[in-house]
Amino acid sequence: MVEVKRNPSISLVVIRRDGSGLGGLLLYIKRYALFWNYNVMNLLDKKAIGYANSIIAMINAEINDAASYRLAIDSIFCHVFGHVTKNDKRALSKYNKKSELSKKALLNPTDKRIVEHVVPITVIYLELMSLTEGERKPENIIKIIAKMYKVRRITVEEDLMLSRAGLQNSMPSEFYNAEHELYGDLESRHKKVGIQA
């Protein structure tokens, strides 16, 4: 991860999807980014910080259901990665329409597609809830969401594969097993049932 400062009031971080260093094409125009293998993150987006503070307030108030956090999680993602309208409102549906396709969805363009969180919102919520009181800072909330939030459009059949495997709202046990090759792999749900990126 590399932090790029072009303006003292804006912090941009360039990361590769696989978490590695620089390479490939990056072109930053105004506040929008055209990218190939990279994402541009604005970690200092005021709205993202506001939503992160709302998550901290909900955690401190002991609000313990993932659905209550959904809007803030989606909004942080949109604002950090620039998926916003010209009026600076989140544009999640635009992102979803352009999101990555599974191999099967790509090869079968007439099949109905479902927008699927690679890491379920419930898992992101649990990660946020695991923060200690001292770790509950907007920058930590934003970094967790920026790392874990990704959607992929998959086929209905692939969605059923996740359901049948009991992975609709959770990660496989291998994700938590330090001895397993899928340990910590954010793609582990899809890999486990054979959904190819």
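**Helices, sheet and loops of a predicted model**

Reader: Where is Glu62 found?

Author: Glu62 is found in the loop between α1 and α2. Please keep in mind that this is a predicted model.

Reader: And is Glu62 buried or exposed?

Author: Glu62 is exposed, as its relative accessible area is 62%. Its phi is near 60°, which is a positive value in a residue other than glycine.

Reader: What is notable about a positive phi in general?

Author: Most residues other than glycine have a negative phi.

Reader: What about Asp88, then; where does that one sit?

Author: Asp88 is found in the loop between α2 and α3, the latter spanning 92-98. The phi of Asp88 is near 65°, again a positive value in a residue other than glycine.

Reader: Let me step back. How many helices and strands does the protein chain have?

Author: The protein chain has 8 helices and 8 strands. Of its 197 residues, 42% are buried.

Reader: How many of the contacts join residues at least 24 apart?

Author: Taking contacts between residues at least 6 apart in sequence, 64% join residues at least 24 apart.

Reader: Back to the helices on either side of Glu62. At what angle do α1 and α2 pack?

Author: Helix α1, residues 46-60, packs with helix α2, residues 70-81, at an angle of about 155°, and their axes are 8 Å apart. An angle over 145 degrees counts as roughly antiparallel, and the two helices are therefore roughly antiparallel to each other. The crossing in which α1 passes α2 is left-handed.

Reader: Which residues meet there?

Author: From α1, the residues are Lys47, Ala48, Tyr51, Ala52, Ser54 and Ile55. They meet Ala72, Ile73, Ser75, Ile76, His79 and Val80 of α2. By class, this contact has 8 nonpolar, 3 polar and 1 charged residues.

Reader: Why would residues three or four places apart on a helix point the same way?

Author: An α-helix has 3.6 residues a turn, so residues at that spacing point the same way.

Reader: How is α5 placed relative to α2?

Author: Helix α5, residues 121-129, packs with α2 at an angle of about 90°, with the axes 11 Å apart. The two are therefore roughly perpendicular to each other. In this contact, Arg70, Ile73 and Asp74 of α2 meet Ile121, Ile124, Tyr125 and Leu128 of α5. The residues involved divide into 5 nonpolar, no polar and 2 charged.

Reader: Which residues of α5 are buried, and what do they pack against?

Author: Ile121, Val123, Ile124, Tyr125 and Leu128 are the buried residues of α5. They pack against α1, α2, β7 and α6, which covers 138-148.

Reader: You mentioned β7. Which sheet does that strand belong to, and in what order do the strands run?

Author: It belongs to an open sheet of 3 strands in the order β6-β8-β7, with mixed pairing. β6 (100-101) and β7 (113-117) stand at the edges, each having a single partner strand, so one side of each is left without a neighbour in the sheet.

Reader: What makes up the mixed pairing?

Author: β7 pairs with strand β8, residues 151-155, in the antiparallel sense over 5 bridges. β6 pairs with β8 in the parallel sense over 2 bridges.

Reader: Which residues are bridge partners?

Author: Among them, His117 is partnered by Val151 in β8, and Ile114 by Ile154 in β8. On the β6 pairing, the bridge partner of Leu101 in β8 is Arg153.

Reader: Is β8 enclosed or open to the outside?

Author: It is largely enclosed by the rest of the structure, because 5 of its 5 residues are buried. Val151, Arg153 and Thr155 point one way from β8, while Arg152 and Ile154 point the other way. In a regular strand the side chains alternate between the two faces of the sheet.

Reader: Let me ask about Ile154 itself. What is its relative accessible area?

Author: Ile154 has a relative accessible area of 0%; the cut-off for buried is under 20%, so Ile154 is buried. Its C-alpha atom and that of Val115 are separated by 6.5 Å, although these two residues are 39 residues apart along the chain.

Reader: Which residues is Ile154 in contact with?

Author: Leaving aside its neighbours within four places in sequence, Ile154 is in contact with Ser102, Ala105, Lys112, Arg113, Ile114, Glu116, Asp159, Leu162, His190 and Ile195.

Note on methods: Residues numbered from 1 in each chain as written. Predicted model: local features only at pLDDT ≥ 70, side-chain atom pairs only at ≥ 80, totals over all residues. Heavy atoms only, no water. Pairing = 2+ DSSP bridges. Helix = DSSP H or I, 4+ residues; strand = E, 2+ residues; numbered from the N terminus. Axes fitted to C-alpha atoms, helices over the stretch in contact; angles between N-to-C directions. Parallel < 35°, antiparallel > 145°, perpendicular 65-115°, else oblique. Left-handed = near helix turned anticlockwise from the far one by under 90°. Contact = heavy atoms within 4.5 Å. Nonpolar A, V, L, I, M, F, W, Y, C, P; charged D, E, K, R; others polar. Buried < 20%, exposed > 50% of the residue type's maximum accessible area, 1.4 Å probe, protein only.
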